[in-house]
Amino acid sequence: QVVRDPGAVALVCEGVEVSYGELDVRANRLARCLRERGVGVESVVGVCLERGVDLVVGLLAVLKAGGAYVPVDPEFPVERVGVMLGDAGVVCVVTSVGCAGVLPEGVVRVVVDDPVVVAEVAGRSGVAPEVVVGAGHPAYVLFTSGSTGRPKGVVVAHGGIVNRLGWMQARYGLSSGDRVLQKTPFGFDVSVWEFFWPLLNGAVLVLARPGGHRDPAYVAGVIREAGVTTVHFVPSMLEAFLAEPSAAGCVGLRRVVCSGEALSVAARDRFFEVFAGVELHNLYGPTEASVDVTSWECGPGDVGGSVPIGVPVANTRVFVLDEWLRPVPVGVAGELYLAGVQLARGYVGRSGLTGERFVACPFGGSGERMYRTGDVVRWSAEGRLEYLGRADEQVKIRGFRIEPGEVQAAVAAHPGVGQAAVVVREDVAGDKRLVAYVVGEAGESELREFVAGRLPQYMVPSAVVVLDALPLTVNGKLDRKALPAPEYVSGGGRGPATPQEEILCRAFARVLGLDQVGVDDDFFALGGHSLLATRLSSEIREELGAELPIRAVFGTPTPAGLAAWLVQQGDSRRKARPALRPMRSQEES
């Protein structure tokens, strides 16, 4: 594409356009700097940057230097970042002044906005370095939740992800007129095709602002204003997007891709009510198999009790087997195994776990492997795969893959906890939450803060229940059915001092399902999460006629804090008005 039309727009980020030619030169120069620091084939380089142009340049530079990138979310706790970088064995980390604080001491840093590094990069040639990379060499390392209490790094080779991207282009046919929205955090594998599929095929990559993926109103605005034609949603976020009034105005959409968790029939049907004529594709796949391995195109006339995950992508085989690795008949549940070019190399530094999950394939040639997914599926009479659930305790909550055992290990590490159990509860249909049950002296807020210092925010339990003892069955195992439902109790404190605070307290209570909420109560400490935050934003828009971005809820998650934020925004808007603008009456305001 660079040779064909270097002046064509490659990416758009908050109003800034970068051409294919400029993007290529910037990535080549940074790649040469990385080569001088020892990066090459089989090297791993950390990338710790906010979503933006520098992030795309950094990812391309690592690949052009022959290395594999490992994404480091700047919002992750320092301890977890240290574990990831140590396990991956990174040569260096590409970062910025604002993000470098999360990195542990002793890590070699390439700070892309440091004046010294800026000058160094500018002095390098804009021609790509000569590097020979094979299909079996690693392209990226993504860390997922680990059942033993330690995250595991999945090493994905170039051959696997190239096959996945090639299949996607053959199936959907992006053109230079398409625009793909990149909004998935880059620590999750959907981001891989969001970044590279459009750039490999001459389309335009549209970058959402950092944190923008949480806000349906913002996403709808970007889709409309940037002319986005292709976008991905985790099904739970798709439902929040469809509930956003402005979503119906996204008339330029051609296709929507869903993956990450089960797509419900209700969400599928609602989609076609809002977006008649737009394609909806349901994809399935684990990180260990280069993003996606099966696909299904939904239709407005589809019937049945579930949405299929479909049929295999190119050069991929799927097997539904019983516990003795024998194929099961059509309609019978079995565990899903995967084989083909898209299988990952394994887990970095974890040969035992690799051997446990990547097993010999009895249906292939000598040395061929297959991956044991842990997902329970069945074949339909029509030859489609249907997802039924998990064979183990791994869960998906709002699209995040979580091993409760890792969360439990973090909770149990607190010195005030004697025993701990972490389970997923769904006390309200469709609202899955992590709940920690502990025996010990630690309090709820103290424990949540402790865990938040060790795990990503999405793995912090929504509630902590302190018990005298964990309930056990007659066999001495945890009796999950006897675990009590958590009670989210308002902390009390002062009452609302203004009508606005009173309205916000009522909105908090409605969204959280509580009788009342105090002005100083924390939305997330009362069981709130990102999807409930979108509902809160909608409630406030209806009640107060004010736009409340999701990032404001995360930044000031109390009624008092949000009331002050709204007042400040109102003051800012009034100050920004032209001095000669006629005054409005109160009714007009």
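Visitor: Which residue stands opposite Gly 46 in S4?
Guide: The model is a predicted one. Strand S3 (residues 44-48) and S4 pair in the parallel sense over 4 bridges. In S4, the residue opposite Gly 46 is Val 70.

Visitor: Which residue points the same way as Val 70 from strand S4, and are the strand's residues buried or exposed?
Guide: Tyr 69 and Pro 71 point one way from S4 (residues 68-71), and Val 70 points the other way along with a partner. Both sets are buried. The partner of Val 70 is Ala 68.

Visitor: What handedness has the β-α-β unit of S3, helix H2 and S4?
Guide: The two strands, S3 and S4, are paired in the parallel sense. Helix H2 covers residues 53-64 and completes the unit with them. The β-α-β unit is right-handed.

Visitor: How are helices H7 and H8 oriented to each other?
Guide: The axes of H7 (residues 216-226) and H8 (residues 235-242) come within 9 Å and cross at roughly 80°. Angles of 65 to 115 degrees count as roughly perpendicular, so H7 is to H8 roughly perpendicular.

Visitor: Which residues of H8 make the contact with H7, and of what class are the contact residues?
Guide: From H7 come Pro 216, Val 219, Ala 220 and Ile 223. By class, the contact has 7 nonpolar, no polar and no charged residues. The H8 side consists of Met 237, Ala 240 and Phe 241.

Visitor: Is His 414 buried or exposed?
Guide: His 414 lies in the loop between helix H11 (404-412) and strand S24 (417-428). Not counting residues up to four places away in sequence, His 414 touches Ala 442, Glu 446, Leu 447 and Phe 450. Its relative accessible area is 7%, and buried means under 20%, so His 414 is buried.

Notes:
Residues are numbered from 1 along each chain as its sequence is written. This is a predicted model: local features need pLDDT of at least 70, side-chain atom pairs count only at pLDDT 80 or more; totals for chains, interfaces and linings use all residues. Side-chain values use heavy atoms; hydrogens and water are left out. Axes are lines fitted to C-alpha atoms, for helices over the stretch in contact, and angles run from 0 to 180 degrees between N-to-C directions. Angles under 35 degrees count as roughly parallel, over 145 as roughly antiparallel, 65 to 115 as roughly perpendicular and the rest as oblique. Contact means heavy atoms within 4.5 Å. Ala, Val, Leu, Ile, Met, Phe, Trp, Tyr, Cys and Pro count as nonpolar, Asp, Glu, Lys and Arg as charged, and the others, Gly among them, as polar. Buried means under 20% relative accessible area, exposed over 50%, partly exposed in between (1.4 Å probe, protein chains only). Two strands pair if DSSP finds at least two bridges between them. A crossover is right-handed if, with the strands pointing away from the viewer, the path from the first strand over the helix to the second runs clockwise.
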